[in-house]
Amino acid sequence: MELDGALSEALRARFLSETRVTIVNSDFLRFGLPEVPYKVLGNIPFNRTAAIVRRLVQADSPPQDAYLVVQREAAERFAGSPFSRETLPSLLLKPWWQIEIVRRFRRTDFDPSPGVDAVALWLARRTRPLVDRFQAADYRRFIRSCFGRDGRSIGRCLRSELTRTQIHRLSRDLSFDASGPPRSLTFDHWLALFRLWSVTRS
């Protein structure tokens, strides 16, 4: 798929004899995604990374896998740990998607060379989600409520949902420092915290 008309025509000419390739001149964000199982591979515009990832993961029929060439900093925001610290986007995606940085490119791999570092980001839809569908809204609300803002400790962020005693016990059992920043917790920590919070509500 190529938005630029001239580039689309050049690609059609290049792949004219290749029956397995169809060139589509369209904006991906407006293009209807397949209803049959499919995968996505793309070197996408860096300034539209968030919108394209959102389009894929929120689609009625999302892809089985997506391999996207993106700016390294954007990939780290979506991948979180172990590639970087967890972020709100990474925590909101991980119950339903496995996300990894699978390749780091050299700038000279591209022509023209970009002014930033690029990587291949892999998103694979989990066949068994880590959060049930009926708990999805609760999980997203919990993460948005507790992930907190810069300067707030984990303990302070969790106080809106858990008691001091629960937080102290969890910090001991899960081996984290409640006085540290929320970004220091891994996805496994957040998933365990959510599951305990779910039990306290039932």
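## A tour of the sheet, its helices and three loops

Select helix 2, residues 49-57: this helix lies across strand 1, strand 2 (65-71), strand 3 and strand 4. Its direction is at about 170° to strand 2. Keep in mind that this is a predicted model.

Now show the strands. They form an open sheet of 4 strands in the order 1-2-4-3, and the pairing is mixed. Strand 1 (39-43) and strand 3 are the edge strands, each pairing on one side only. From one strand to the next, the twist averages 20°.

Zoom in on strand 3 and strand 4. Their pairing is antiparallel, over 7 bridges. For one bridge, pick Gln98 and look across to Ala124 in strand 4, its bridge partner. Strands of a sheet pair through backbone hydrogen bonds, in either the parallel or the antiparallel sense.

Next, add helix 3. It lies across strand 2, strand 3 and strand 4. Against strand 3, helix 3 runs at about 150°.

Move on to the loop between helix 3 (72-79) and helix 4 (88-93), where Thr87 sits. Is Thr87 buried or exposed? Thr87 counts as buried, because its relative accessibility is 10% and the cut-off for buried is under 20%. Display its surroundings. Neighbours within four places in sequence aside, Thr87 is in contact with Arg77, Phe147 and Arg183.

Stay in the loop between helix 3 and helix 4 and select Pro82. The peptide bond leading from Ser81 into Pro82 is cis, with omega near 10°.

Where is the next cis bond on this tour? Asp111 and Pro112 are joined by it, with omega about 5°. Pro112 belongs to the loop between strand 3 (97-104) and strand 4 (118-125). These bonds merit a stop because most peptide bonds are trans.

Last, go to Ser175, in the loop between helix 7 (164-173) and helix 8 (187-201). What is the phi of Ser175? It is near 60°, a positive value in a residue other than glycine. Most residues other than glycine have a negative phi. Turn on the surface here. Ser175 counts as exposed, because its relative accessibility is 63% and exposed means over 50%.

Key
Residues numbered from 1 in each chain as written. Predicted model: local features only at pLDDT ≥ 70, side-chain atom pairs only at ≥ 80, totals over all residues. Heavy atoms only, no water. Helix = DSSP H or I, 4+ residues; strand = E, 2+ residues; numbered from the N terminus. Buried < 20%, exposed > 50% of the residue type's maximum accessible area, 1.4 Å probe, protein only. Contact = heavy atoms within 4.5 Å. Pairing = 2+ DSSP bridges. Axes fitted to C-alpha atoms, helices over the stretch in contact; angles between N-to-C directions.
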